[in-house]
Each structure stands twice: as structure tokens, then as C-alpha cells.
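Colleague: Could you take me through one part of this model in close detail, and then on to the parts beyond that spot? I would like the cut-offs spelled out as you go.

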Amino acid sequence: MTVPRAPGRRRFLAAAVGAVGVCVSLAACASTFPFIPDHYTFSRGDVQKAVARKFPYQKTVAQVVDVSLANPAVNLLPDQNRIAVQLDANFASPFLRGPVSGKFTVSGQLAYDAPSRSVVLKAPAVDSLVLDGDAQMYAQQVGAAAGLLATQLLTNYPIYTFKPEQLQFAGVNYEPGTITILTNGIRVAIVEK
């Protein structure tokens with residue numbers, strides 16, 4: 001006499017169908033919940049907007065040189081993992097024959113500042129200085145003033161500030177890691193704390 005096996009098969013099929021249903025439901029839920037990406041990328045345009053908020057800028061340096069800075073232009077330097085900012089500059093001082101105009105470029109590295117949750121500019125330095133007309137003879141004095149001003153103005157300047165919800169998910173805290181300058185933007189890795 002043969003015992004029918006249909007009830008065992010039915011239970012197996014019912015369990016399999018149930019498991020597939022649970023997997024499909026979980027997959028649907030996973031696609032509707034937010035997730036923490038492994039990185040954020042900011043475009044050169046985003047950085048340009050952040051830097052542009054600081055300008056135009058005027059300051060007297062060392063009580064003898066009046067400096068006006070305007071029209072920042074951001075450039076990404078992926079081969080050096082730095083960003084550069086070129087500025088139009090005007091310098092006036094009683095020690096100069098007349099006002100001096102030109103352009104100078106400042107570059108720096110980026111780092112994450114945890115207290116402010118911001119990607120900031122670190123160690124800015126003047127890379128180049130080009131003065132108009134015959135003012136090149138003042139390059140040393142103007143370069144010193146530009147370097148001092150660049151350090152004061154741009155050190156720890158925030159390029160991007162993360163919102164708290166961008167760095168937390170399901171009770172787990174995340175933080176920015178490696179910052180990489182690309183040809184078209186800045187990539188910031190996100191890692192678990």
C-alpha cells in the first residue's frame with residue numbers, strides 16, 4: 001500500500017512560495033527606504049558657488065596695503081588632489097606709485113572638520129601672481145600681502161557642509177573619509193564611525 005505524499009509536498013511548496021513572497025516584500029521595502037551611499041560627489045559648480053559667497057572682499061593688510069579681491073574662478077587639480085581659486089586683485093598702498101591690479105591663484109587641500117561637519121580648505125598657498133603693466137616690480141611686496149590674506153581668508157573655509165541626516169541611518173553614525181579631487185568634482189568617501 002502506498003501512502004500519498006501530497007501533504008508534504010504542499011507544505012514544501014507553501015513554504016517556498018511564502019519565502020519568495022517574503023524576499024519580494026523585503027526587496028520592495030529596501031528600495032523605498034533611504035540608504036547611506038558610500039560617497040558624495042560635489043561638482044566644480046557647487047564648489048564655485050560656495051567660494052563665490054566670500055567675494056567681493058576688501059581688507060587692509062599689515063595696515064599699509066588695501067586689497068580688493070573679486071571674481072573667484074575655481075579650478076580642480078586632480079593630479080595634485082588640490083583645488084585652486086584664481087582671483088582678480090587690486091592693491092593700493094602709499095608705498096606703491098599707484099594702484100596695482102592683477103590676478104593671483106591660491107590652491108589648497110581639502111579636509112573634513114568634524115565639529116562643523118564641513119569639508120574645508122586647508123593650507124592655502126599662493127601659486128602664481130601676475131600683475132598688470134609695469135607693476136611687476138612690486139611682485140614681491142604684493143605677493144607677500146596676497147599670501148597673508150589668502151591664509152587668513154581661506155584657511156578652514158567651508159566648501160560643503162553635511163546635514164546631520166546625511167551622516168546617520170538606522171541609528172548608525174557615518175563620517176566623511178578620503179577626499180579625492182576628480183576632473184569634474186570632489187568625491188568624499190562616507191564610512192561608518
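Modeller: Happy to. Let's start at Thr 155, which sits in the loop joining α3 (139-154) to β7 (158-161); helices here are DSSP runs of H or I with at least four residues, strands are runs of E with at least two, and both are numbered from the N terminus. Residue numbers count from 1 along each chain as its sequence is written, and side-chain values use heavy atoms, without hydrogens and water. The model is predicted, so local features need pLDDT of at least 70 and side-chain atom pairs pLDDT 80 or more, while totals for chains, interfaces and linings use all residues.

Thr 155 is partly exposed because its relative accessibility is 30% (buried is under 20% relative accessible area, exposed over 50%, partly exposed in between, with a 1.4 Å probe and protein chains only). Leaving aside residues up to four places away in sequence, Thr 155 touches Leu 121, Pro 124 and Ala 150, where a contact means heavy atoms within 4.5 Å. Gly 108 is 47 residues from Thr 155 in sequence, yet their C-alpha atoms are 8.7 Å apart in space.

Following the chain into β7 brings us to Tyr 160, which stacks with Phe 42 at 4.1 Å centre to centre and 25 degrees between the planes. (Rings of Phe, Tyr and Trp, the last by its six-membered ring, pair if their centres lie within 6.5 Å; planes under 30 degrees apart are stacked, over 60 edge-to-face, and the rest tilted.) This pair connects strand β7 with strand β1 across 118 residues. Phe 42 is buried because its relative accessibility is 5%, whereas Tyr 160, at 24%, is partly exposed. Tyr 160 also meets Phe 162: their ring centres are 5.1 Å apart and the planes stand at 80 degrees, so this pair is edge-to-face. Phe 162 is buried, with 1% relative accessibility. Tyr 40, Phe 42, Tyr 112, Tyr 160 and Phe 162 make up one aromatic cluster, and the whole structure holds five aromatic pairs.

Phe 42 leads us to the sheet that contains β1. This is an open sheet of four strands, ordered β1-β10-β9-β8 with antiparallel pairing; two strands pair if DSSP finds at least two bridges between them. β1 (39-43) and β8 (168-169) are its edges; each has a single partner strand, so one side of each lacks a neighbour in the sheet. Five bridges join β1 to β10 (residues 185-192) in the antiparallel sense, and His 39 faces Ala 189 in β10. Helix α2 (residues 44-52) packs on this sheet, in touch with β1 and β10, and its direction makes about 70 degrees with that of β1. (Axes are lines fitted to C-alpha atoms, for helices over the stretch in contact, with angles from 0 to 180 degrees between N-to-C directions.)

Turning to charges, the count is one salt bridge, defined as a side-chain nitrogen of Lys or Arg within 4 Å of a carboxyl oxygen of Asp or Glu. Asp 88 and Lys 103 form it, with their closest N and O atoms 2.3 Å apart. Asp 88 belongs to strand β4 (residues 82-92) and Lys 103 to strand β5 (residues 100-113), 15 residues apart. Both ends are partly exposed, Asp 88 at 23% and Lys 103 at 38%.

As for the whole chain, there are three helices and 10 strands, and 32% of the 193 residues are buried.
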